[in-house]
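Hi,

Here is the structure I promised to pass on to you. Have a look at it first, and then read my notes underneath.

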Amino acid sequence: MSQIEMIDLSKSYNKQKNVLDKVDLFIEEGEFFVLVGPSGSGKSTLLRMIAGLEEITSGTLKMNDQIVNHLPPKDRNLSMVFQNYALYPHLSVEQNILFGLNAKKVDKQEQKRRLLETAEMMGISELLKRKPKELSGGQRQRVALARSVVSEAPLCLMDEPLSNLDAKLRSQMRLEIRRLQKKLGMTMIYVTHDQVEAMTMGDRIMVLNDGKIQQIGKPITLYNEPANLFVASFIGSPKMNMGKAVFHADLNQLVIEETIHLDIDAVTYEIPSDSNVTIGIRPEHLYPGTLNNTSHEIEVINVEQLGNDTLIVFGVGKEIWTAKWPGQWDVQVGEKIPIHIAIENLSFFNSDTGLLIKPATTSKQHEVVTA
Ligand SMILES: Nc1ncnc2c1ncn2[C@@H]1O[C@H](COP(=O)(O)OP(=O)(O)O)[C@@H](O)[C@H]1O
Ligand SMILES: [Mg+2]
């Protein structure tokens, strides 16, 4: 069993400002937990504190209900994979993988069993006799993963393990790591600055900014109900479109960036009464307009043809917005086109605090019918 609890965990280097500020968190056994945030937000520091490689300034760290603040790393029963995983260049793949087990004096027979099983799982059985310099980046990455998996520790910490790989290999490895974690039933704490990785891999995600927890939750919850403007713009790509919004109760109109006037049926739709409001709308919710609905004419400033989607970029007041339309659309830069905006798709935030006031009312488009 391997559950982890943090209570008011803080860290400061040289008694300066906290790089981690009162982190409160509970990670369940067998959970794939992703720590995501921009560079410098404190992700590696937190991971290293869990590993015991970094001193805890204040607060409590528990593993399986035991306080482990001062437990040496070797006694924490965990494995770790770093971004710049170093393999020993003079050792073969096999020797690299077994290095830790040898140090722990694990029985040779047992070593052999774990080696073959892990190599098979990671698809590197053919490479065991090679030296690291005879491997591609992706193969080296797998060896580094195998070295951590072979320890069969119930807790695995990974710090941006895929950031040195190209996009195709990255998405393949995402899948493999996820499968491996499920298969072995280990608890995973996975650090990344990549919100796609966070969305696709995590059972739950924690968004960190400037050493402070912004939100913890399931990926889809963070996407649909971001707790604040930071999470709203960090999760999702292209990012959520934002704009200042003022509600004119006398006209029943919401005016966005002094440009877009939305007629509101205020009887059925309640507009938050806060005075200083920022709205957000996802690119896929800015629909192609038609003459029959309440559309807003915009001038296209850029078009990106992605093949499966078309991104249409336009200005709204001081803001630059992106609409994402499924399929291929023949739209030209400089063209004026209608865009449909539905009030239900707006998220409302308090501009002063950044906090979410009211999320968009999303509804699942497709439900899988099972017999
Ligand atoms: N050994 C150190 N001494 C002083 N400051 C440090 C040290 N390590 C990290 N920091 C600072 O702590 C903050 C968080 O760093 P880090 O945890 O590496 O962020 P991330 O992994 O999210 O990019 C940064 O501002 C960084 O400069
Ligand atoms: Mg880091």
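Below is what I found, beginning with the ligand and then going through the strands.

One thing to keep in mind as you read: this is a predicted model.

**Around the ligand**

Which residues sit around ligand 1? Going along the chain, they are Tyr13, Val19, Pro38, Ser39, Gly40, Ser41, Gly42, Lys43, Ser44 and Thr45. Sorted by class, that shell has 3 nonpolar, 6 polar and 1 charged residues. Helix H1, which covers residues 43-51, gives the most to the shell, with 3 residues.

Now zoom in on the backbone here. A polar backbone atom of Gly40 is 2.7 Å from an oxygen atom of ligand 1. For Ser41, a polar backbone atom is 3.2 Å from a ligand oxygen, and for Gly42 the distance from a polar backbone atom to an oxygen of ligand 1 is 3.0 Å. How much of ligand 1 does the protein cover? On its own the ligand has 560 Å² of accessible area, and the protein covers 56% of that.

**A mixed sheet**

Next, find the open sheet whose 6 strands come in the order E6-E7-E8-E3-E9-E10. Its pairing is mixed. Strand E6 (78-81) and strand E10 (212-217) are the edge strands, and each of them pairs on one side only. From one strand to the next, the twist averages 15 degrees.

Inside this sheet, have a look at strand E3 (residues 32-36) and strand E8 (residues 187-192). They run parallel and are joined by 5 bridges. If you want a spot to click on, Leu35 stands opposite Val191 in E8.

**An antiparallel sheet**

There is also an open sheet of 6 strands in the order E13-E12-E11-E14-E20-E21, and here the pairing is antiparallel. Why do strand E13 (260-263) and strand E21 (356-358) each have one side without a neighbour in the sheet? They stand at the edges with a single partner strand each, so there is no neighbour on the other side. On average, neighbouring strands of this sheet are turned by 35 degrees against each other, if you ignore direction.

For a pair to follow by eye, try strand E11 (residues 241-248) and strand E12 (residues 253-256): they run antiparallel, with 4 bridges joining them. Phe247 has Leu254 in E12 as its bridge partner.

**Three strands and two hairpins**

Last stop: strand E17 (residues 309-316). Is it enclosed or open? Of its 8 residues, 7 are buried, so E17 is largely enclosed by the rest of the structure.

Strand E16 (residues 295-305) pairs with E17 in the antiparallel sense over 5 bridges. The two strands form a hairpin with 3 residues between them, and Gly307 in the turn has a positive phi of about 95 degrees.

E17 also runs antiparallel to strand E18 (residues 319-326), and 8 bridges join these two. Their hairpin has 2 residues between the strands, with Gly317 taking a positive phi near 60 degrees.

Val313 is a handy residue for tying this part together. Asn302 stands opposite Val313 in E17, and in E18 the bridge partner of Val313 is Thr322. Pick out those residues on your screen and you can step across from E16 through E17 to E18.

Have fun clicking around!

Cheers

Notes:
Residues are numbered from 1 along each chain as its sequence is written. Chains are lettered from A and ligands numbered from 1 in the order in which they are written. This is a predicted model: local features need pLDDT of at least 70, side-chain atom pairs count only at pLDDT 80 or more; totals for chains, interfaces and linings use all residues. Side-chain values use heavy atoms; hydrogens and water are left out. A residue is near a molecule or strand if one of its heavy atoms lies within 4 Å of it. A polar contact is a pair of N or O atoms within 3.5 Å; within protein, one must be able to donate a hydrogen and the other to accept it, and residues adjacent in sequence count only if both atoms are side-chain atoms. Accessible areas come from the Shrake-Rupley method with a 1.4 Å probe; for residues, only the protein chains shown count as cover. Ala, Val, Leu, Ile, Met, Phe, Trp, Tyr, Cys and Pro count as nonpolar, Asp, Glu, Lys and Arg as charged, and the others, Gly among them, as polar. Two strands pair if DSSP finds at least two bridges between them. Axes are lines fitted to C-alpha atoms, for helices over the stretch in contact, and angles run from 0 to 180 degrees between N-to-C directions. Buried means under 20% relative accessible area, exposed over 50%, partly exposed in between (1.4 Å probe, protein chains only).
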